[in-house]
There are 6 protein chains.
Amino acid sequence: MMVFVSRHEHFNAAHKLYNPNWSKEKNDDVFGPCANANWHGHNFEIIVTVKGIPDPDTGFVVDLKRLSKLIRTEITDKVDHKNLNLDVDFMQGKMASTENLIIEFWKILVDKVPLISKSATLHSIKLYETPRNYVEYFG
Amino acid sequence: MMVFVSRHEHFNAAHKLYNPNWSKEKNDDVFGPCANANWHGHNFEIIVTVKGIPDPDTGFVVDLKRLSKLIRTEITDKVDHKNLNLDVDFMQGKMASTENLIIEFWKILVDKVPLISKSATLHSIKLYETPRNYVEYFG
Amino acid sequence: MMVFVSRHEHFNAAHKLYNPNWSKEKNDDVFGPCANANWHGHNFEIIVTVKGIPDPDTGFVVDLKRLSKLIRTEITDKVDHKNLNLDVDFMQGKMASTENLIIEFWKILVDKVPLISKSATLHSIKLYETPRNYVEYFG
Amino acid sequence: MMVFVSRHEHFNAAHKLYNPNWSKEKNDDVFGPCANANWHGHNFEIIVTVKGIPDPDTGFVVDLKRLSKLIRTEITDKVDHKNLNLDVDFMQGKMASTENLIIEFWKILVDKVPLISKSATLHSIKLYETPRNYVEYFG
Amino acid sequence: MMVFVSRHEHFNAAHKLYNPNWSKEKNDDVFGPCANANWHGHNFEIIVTVKGIPDPDTGFVVDLKRLSKLIRTEITDKVDHKNLNLDVDFMQGKMASTENLIIEFWKILVDKVPLISKSATLHSIKLYETPRNYVEYFG
Amino acid sequence: MMVFVSRHEHFNAAHKLYNPNWSKEKNDDVFGPCANANWHGHNFEIIVTVKGIPDPDTGFVVDLKRLSKLIRTEITDKVDHKNLNLDVDFMQGKMASTENLIIEFWKILVDKVPLISKSATLHSIKLYETPRNYVEYFG
């Protein structure tokens, strides 16, 4: 009776891909236009999936209003209209790739999902950088 | 050689979230606007995924025309342009949440998928209540 | 230098199509399943388009945060998670078709758009009842 | 026999909304998070529409491969993975709003569309900043 | 009180772009891979827009079930799972471009729309060949 | 720390479903309009998912520019604007179903993904024939 429940949110942010241990030439060679010193940006789409047994009183695995609020408070409020390299505490010292971003998102949410539901645990996060490129993480 | 084959259908329905064992105040507190006594509704999107080995004669795991017809006959004809709380036999006595709805859809389809294909079995159902909220069930 | 600026919002609502001056048989004949006495519903999508000259100080025809807030305050807060036939003042005594709904939305917004921008006027409203059916109105 | 032909392209860019003649406080007040000093960004989607009479020999108003190449060469190559405020010549001294951006795109394309087709002229440009916010310009 | 009402349908078809008065070399040069002798194909999406005054008894400009049936009977049944060059009467002797296709669709529908509604007339047809390429026609 | 990374590409192709060991009548009976001798076609959408540990120097499981190029070179260049039955070497002697197509795509990519990344392996391929019908394969 395990049901998987997903909520879709979004944020807009700037970033660049740039390894400070490398020369500008090597960065340009590896990252191409993504290394542009003056940044570029995306409309990121994030889908958070939790799993659990529906509560007989509500029919809910999780109240989606509470899941939406959790994602906004803990994730999108911290990255929306921000520079992922400069403005976001949990990305300091890391390459601002979607792979690293989604791993940090998981660390933030994994202990907080059980606080908003009796039965739900975090199952996966999906993160679209563009409609054509996305990553998924299961912990 | 196991291939997963999916078919997307849709239906439009009304529902409300309301626990008859609770006061109106508690229902409003828990379900918010979803408890509106006069109902609200959605364009639901349903994706049914079956899995199996392609038949060498047809190249098919399942004939998608038959899978589409099965979903329409067994599911969407029973819920389309209906009130999920009042009009749908298999939802009587249950909270009309997408979690409970998808579990009932699974019970209806799981024994019928093998009747339309030599090799296919039901793998999962995905149910969108809105483009931002969806559930998935694997039995 | 006239630029058209659009904002997309959404709401979920129940309705039925039923002419009280007709017999149940005629209603069923004309409206089919849309006449279901127990209602059905949709995820409506609304796109409001205003037109005007960009302000040199802001680059804006209209501040989209203000346009979004206007649509939510004046339109979607009044119809979201509501029954369009029973709960919505401005639809009383009217058939709850998307055609009639969009005309009422226009009447509400046409005088309020100029209050949130020096140059903008309402150009059009587009209303999706389903991804396959929509109406548009230009006043 | 006038047919309107549209081509959809995209680019990813960073920008901020900031009027240098105003204090930081006024910028924050007017533009909110869009004024973030460290930039933010979007996946922009651009749709260019031309109109004309189909050529009897090709059935084309315009060769869409040539229209696509024109948009990429003249527009998206100049803004993709760029900072609209810092890196783009034609936006210097202008607020980096979608309204101003689309007017500049029009100026670039209006004389070049007739060079790739015997009958086509530029009809409109549509520019999505997010799936929920877009502008359109007809010259 | 003129409201524009649109219905979205789809069909899947094969075609090629090939001018029989030209050499194979010129066809390849002008049409590139679209001239492939063995055909290619698309999932076409068609949106038909009619305009009119809502009927006070129904709230409808047009009954969308009837508009849908008209499009399917008169258009998509004739082109779905067909070869546009070989199988479609009204495309004989014409280049199978979307421009020519949409003009023929208009000729078919323009006199038939008034037969399904007291007030509606055909306003426009929009035809997507791919999600990135589309044409629109207003007669 | 296993992250799943996906890239979306597309191609347009013609095909038919026809078993040469069967009579025309049996083919028509089993495949319906998909057996049309003159072919039909689709806009296919392909999503390739690889999995691996992000490289600490780049933050990447795989360079998406290289994954995109691999899909285009090895898959879409061979099927785009082609007839899947007649023009595609690896489909000779097979029914041109999406099930068979995705199995062949897997065979082509499975050994080549590790050549473009230190840690990535092929996880799955998803293939949309239409927005309503798709298959997925995990090897």
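## Report on the predicted model

Chain A has three helices and five strands as its secondary structure. This is a predicted model, and every value below was computed from it. Starting at the N terminus of chain A, the order of elements is β-α-β-α-β-α-β-β. Along the principal axes, the C-alpha atoms of chain A occupy a box of roughly 60 × 25 × 25 Å.

Chain A has 139 residues, and 65% of them are buried. The surface that chain A exposes is about 5500 Å², with carbon and sulfur atoms supplying 53% of that area. Of the contacts in chain A between residues at least 6 apart in sequence, 68% link residues at least 24 apart.

**A loop residue and its contacts**

A:Lys16 gives an example of a contact set within chain A. The residue sits in the loop that runs between strand S1 (3-15) and helix H1 (24-31) of chain A. Is A:Lys16 buried or exposed? A:Lys16 has a relative accessible area of 15%, so it counts as buried. Beyond its neighbours within four places in sequence, A:Lys16 contacts A:Cys34, A:Ala35, A:Asn36, A:Ala37, A:Trp39, A:His40, A:Asn85 and A:Ala96. One of these partners, A:Ala96, is 80 residues from A:Lys16 in sequence, yet the two C-alpha atoms are 6.8 Å apart in space.

**Cysteines**

A:Cys34, which is among the contacts of A:Lys16, is buried at a relative accessible area of 18%. C:Cys34 is buried too, with a relative accessible area of 17%. A disulfide is a covalent bond between the sulfur atoms of two cysteines. How many disulfides does the structure hold over all chains? The count over all chains is zero.

**Salt bridges**

Side chains of opposite charge can pair when their charged atoms come close. Over all chains, the number of salt bridges comes to 54. Three of them are listed here with the relative accessibility of each partner.

| Salt bridge | N to O distance | Relative accessibility of the partners |
|---|---|---|
| A:Glu74 and A:Lys78 | 3.4 Å | A:Glu74 17%, A:Lys78 36% |
| B:Glu9 and B:Arg7 | 2.8 Å | B:Glu9 8%, B:Arg7 14% |
| F:Lys65 and F:Asp63 | 3.4 Å | F:Lys65 42%, F:Asp63 15% |

The pair in chain A lies within one element: A:Glu74 and A:Lys78 are both in helix H2, four residues apart, about one turn of the helix. At 17%, A:Glu74 is under the 20% limit and is therefore buried, whereas A:Lys78 at 36% is partly exposed. In chain B, B:Glu9 at 8% counts as buried, and B:Arg7 at 14% also counts as buried. In chain F, F:Lys65 is partly exposed at 42%, while F:Asp63 is buried at 15%. Salt bridges with shared partners also connect A:Arg7, A:Glu9 and A:Arg72 into one network.

**A nonpolar surface patch**

Which residues form a nonpolar patch on the surface? The patch consists of A:Met1, A:Met2 and A:Ile53, which together have about 290 Å² of accessible area. A:Ile53 is in the loop between strand S2 (40-52) and helix H2 (64-79) of chain A. With a relative accessible area of 42%, A:Ile53 is partly exposed.

**Relations between chains**

A turn of 180° with a shift of 0.0 Å along the axis lays chain E on chain F, with an RMSD of 0.0 Å. The two copies are thus related as by a two-fold rotation axis. Of the interface residues of chain E, 100% are also interface residues in chain F, so these copies meet through the same surface.

Chain F is laid on chain B by another operation: a turn of 120° and a shift of 0.0 Å along the axis, with an RMSD of 0.0 Å. This is the relation of a three-fold axis. Which C-alpha of chain F is nearest the axis? That of F:Pro131 is, at 8.6 Å from the axis.

Some pairs of chains have no contact. Chain B does not touch chain D, and their nearest C-alpha atoms are 13 Å apart. Chain B and chain E are likewise not joined by any contact, with their closest C-alpha atoms 14 Å apart.

Key. Residues are numbered from 1 along each chain as its sequence is written. Chains are lettered from A and ligands numbered from 1 in the order in which they are written. This is a predicted model: local features need pLDDT of at least 70, side-chain atom pairs count only at pLDDT 80 or more; totals for chains, interfaces and linings use all residues. Side-chain values use heavy atoms; hydrogens and water are left out. Copies are superposed by least squares on the C-alpha atoms of residues with pLDDT of at least 70 in both. Contact means heavy atoms within 4.5 Å. Patches are made of residues with over 30% relative accessible area and no salt bridge: like charges are joined within 9 Å, nonpolar side chains (Val, Leu, Ile, Met, Phe, Trp, Tyr) within 5 Å. Accessible areas come from the Shrake-Rupley method with a 1.4 Å probe; for residues, only the protein chains shown count as cover. A salt bridge is a side-chain nitrogen of Lys or Arg within 4 Å of a carboxyl oxygen of Asp or Glu. Helices (H or I, at least four residues) and strands (E, at least two) are DSSP runs, numbered from the N terminus. Buried means under 20% relative accessible area, exposed over 50%, partly exposed in between (1.4 Å probe, protein chains only). A disulfide is a pair of cysteine sulfur atoms within 2.5 Å.
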